[in-house]
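Reader: I have a structure open and would love to talk through its strands with you. Shall we take it one sheet at a time?

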2 protein chains.
Amino acid sequence: MKRAIRQHSVSEDEITRFLRTRFPARNALVETGIGDDAAVFRVSSSRKTLVVTTDMLLEDIDFRRAWATPAQLGHKALAVNLSDLAAMGAVALYYIVALALPRPVDPAWVRGFFRGLTSLGRRFDADLIGGDLSSSRSGIGVTITAIGTPAGRRAILRSGGKPGDLLYVTGSLGCSAAGLTLLRSGILQGRSRPERIALRAHRTPEPRCEVGEWLSRSGLVSCLMDLSDGLSSDLPRLCDASGTGGEVCASSLPQFSESASWGCDPLDLAFHGGEDFELLFAATPRKAAILERCYPSSFPPLTRIGVLTAKAGVRWRRIPEAASRPLQKRGYDHFRPQVGRTS
Amino acid sequence: MKRAIRQHSVSEDEITRFLRTRFPARNALVETGIGDDAAVFRVSSSRKTLVVTTDMLLEDIDFRRAWATPAQLGHKALAVNLSDLAAMGAVALYYIVALALPRPVDPAWVRGFFRGLTSLGRRFDADLIGGDLSSSRSGIGVTITAIGTPAGRRAILRSGGKPGDLLYVTGSLGCSAAGLTLLRSGILQGRSRPERIALRAHRTPEPRCEVGEWLSRSGLVSCLMDLSDGLSSDLPRLCDASGTGGEVCASSLPQFSESASWGCDPLDLAFHGGEDFELLFAATPRKAAILERCYPSSFPPLTRIGVLTAKAGVRWRRIPEAASRPLQKRGYDHFRPQVGRTS
């Protein structure tokens, strides 16, 4: 761990590992510290558990001002946090916003931002309870911290997976990255339904709060996380935490195939495109059968994409009959930039 | 409220008022939302109350990299949050860090930063439980969210003051701003004891956690806040929240008089210098007498500086016998920059 952080050019995962190893939480009430989608702690003298997460969006790293309205940015800044709570099977209670703004401040921008933010919050009964305002020399920065509580008995961690568990995702993968491709090529208004869907997925992603809540109450899943950096980066995190490997079948992935019409490779985006904010989770074969039967039809589609394996490492095959090969991590890493974000 | 935010060039206070009015918390468990040093909410199905605050430090706004070591920056980033908890009479439990770093990341910098951060946290039994890492195009940014719980029966708000309550501060005022003056003139190492004290106050401020805890348990104070932007900005906030005016006597202020030797005006810095992170509070004359008798001698000095008044507005007099006049707000405002910070 320490060796990793001694080298230059470290990855996010290396820094996270370093912090988790070097600074473990000492308070016995902390159930989950650094390294999951959110932290989990018990409130002393009660059985109540709270879940806390923080996420930062920075101009020209995570968004471009010209590509989104203030309301869309407010929506997205909260959505990424609500997605982290959903990824723990938690429902949101409160959030708090730190906002850095270049001078002079445009009041209309501030109004729009908070309108987008709070209208998403209200939909999921989350209350804005505080914040911090700062001037900035270099663009807009938003950090939101969201607090929630497990919908079921306890938070669902990344670490509960076992070999043989079946892997699922919600919705479709690569849609947000397809929207980003449109924005990069100057298409700010969708001219067709697929373009509008992709732009919406990128600008105002829908956090899977109801799904996270339902999964938590159901008690059916062994591990859970959200897809923020792309399946090829996030699935290895789930597997590492669970002490398993994983295998996915490309032909099973719910690709956003419409993006091919604007020059994208839907499979590539499904594996490596970031910011889908869909849920990734696993269940034992027995519970998976119940899950497939009971999963509400009003929810975003549920797709079985693979399995957790005893052997470490994440592999993929093109079709079920093909040979498997290692899945290269090409999702987004803030310190090793590739595809998927504005930068 | 709305009118204020429609104009260009708004102040922090105007934005805060707009948010508080426009987006009040709807959850009945929220005891204090936007507008105090921190938010306060009850944990459902328990009498337990939690206090949450967030603070952001940005390079070249709140600090310069050349002026502080990574460990000093880590210390300060947490100290400002612990100070907000102390300002509610709360003890810290947990904190969560969002850190934006320019590429390439220097692992030694990251290690130093977290060493400074966590060693302060450990002194006050606060655990680092999570965070978010991001690359940045424009300098370092740190947002910390800290969670605590009232030491006494409930959080102490800004709003509990009554006319006639006596006003107190801890420590001395203007020390941090005097340190900033040294840094600005290129003095990075103190050559005398006062210089070292001033530099330390600016780089590694000591949050008044023990005082906040003691005040909370004592039940003696009616309102409480911390001094982050300077007395001339912060006292009006306390008075506005309490629905009172205030009056302070300059000759009573615990000025950092040694700063005169490097060309500062100690009174000016005591009124308008920011980032002292001392506590400002009030008590009824009866409780004030007990407070003065019982206040532990091991704590930073306690100074009575004035009184809350029935008449709105904050006034000051040079000596007790002099006529009073309005105190101009010249403390730090992020959107109307004057003295006190790096920018």
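Author: Happily! This is a predicted model, and a good place to start is chain A, where 6 strands make an open sheet with mixed pairing. Their order is S1-S2-S3-S6-S4-S5.

Reader: Which are the edge strands of chain A?

Author: An edge strand here pairs on one side only. From strand to strand, the twist averages 20 degrees. The edge strands of chain A are S1 (30-32) and S5 (127-136).

Reader: In S6(A), what is the bridge partner of Thr54(A)?

Author: Strand S3 (residues 49-58) and strand S6 (residues 141-150) of chain A are antiparallel and pair over 8 bridges. Within S6(A), Thr54(A) has as its bridge partner Thr145(A).

Reader: Which helix lies across S4, S5 and S6 of chain A?

Author: The one to look for runs at about 170 degrees to S4(A), which spans 90-102. Residues 107-123 of chain A form this helix, H4.

Reader: Over in chain B, how many residues of strand S7 are buried?

Author: In a regular strand, side chains alternate between the two sheet faces. From S7(B), Leu166(B), Tyr168(B) and Thr170(B) point one way, while Leu167(B) and Val169(B) point the other way, and all are buried. For S7 (residues 166-170) of chain B, the count is 5 of 5.

Reader: And which residue stands opposite Tyr168(B) in S11(B)?

Author: S7(B) runs antiparallel to S10 (residues 279-283) of chain B, joined by 4 bridges, and there the bridge partner of Tyr168(B) is Phe281(B). S7(B) is also antiparallel to S11 (residues 302-309) of chain B, with 5 bridges. In S11(B), the residue opposite Tyr168(B) is Arg304(B).

Key
Residues numbered from 1 in each chain as written. Chains lettered and ligands numbered in written order. Predicted model: local features only at pLDDT ≥ 70, side-chain atom pairs only at ≥ 80, totals over all residues. Heavy atoms only, no water. Pairing = 2+ DSSP bridges. Helix = DSSP H or I, 4+ residues; strand = E, 2+ residues; numbered from the N terminus. Axes fitted to C-alpha atoms, helices over the stretch in contact; angles between N-to-C directions. Contact = heavy atoms within 4.5 Å. Buried < 20%, exposed > 50% of the residue type's maximum accessible area, 1.4 Å probe, protein only.
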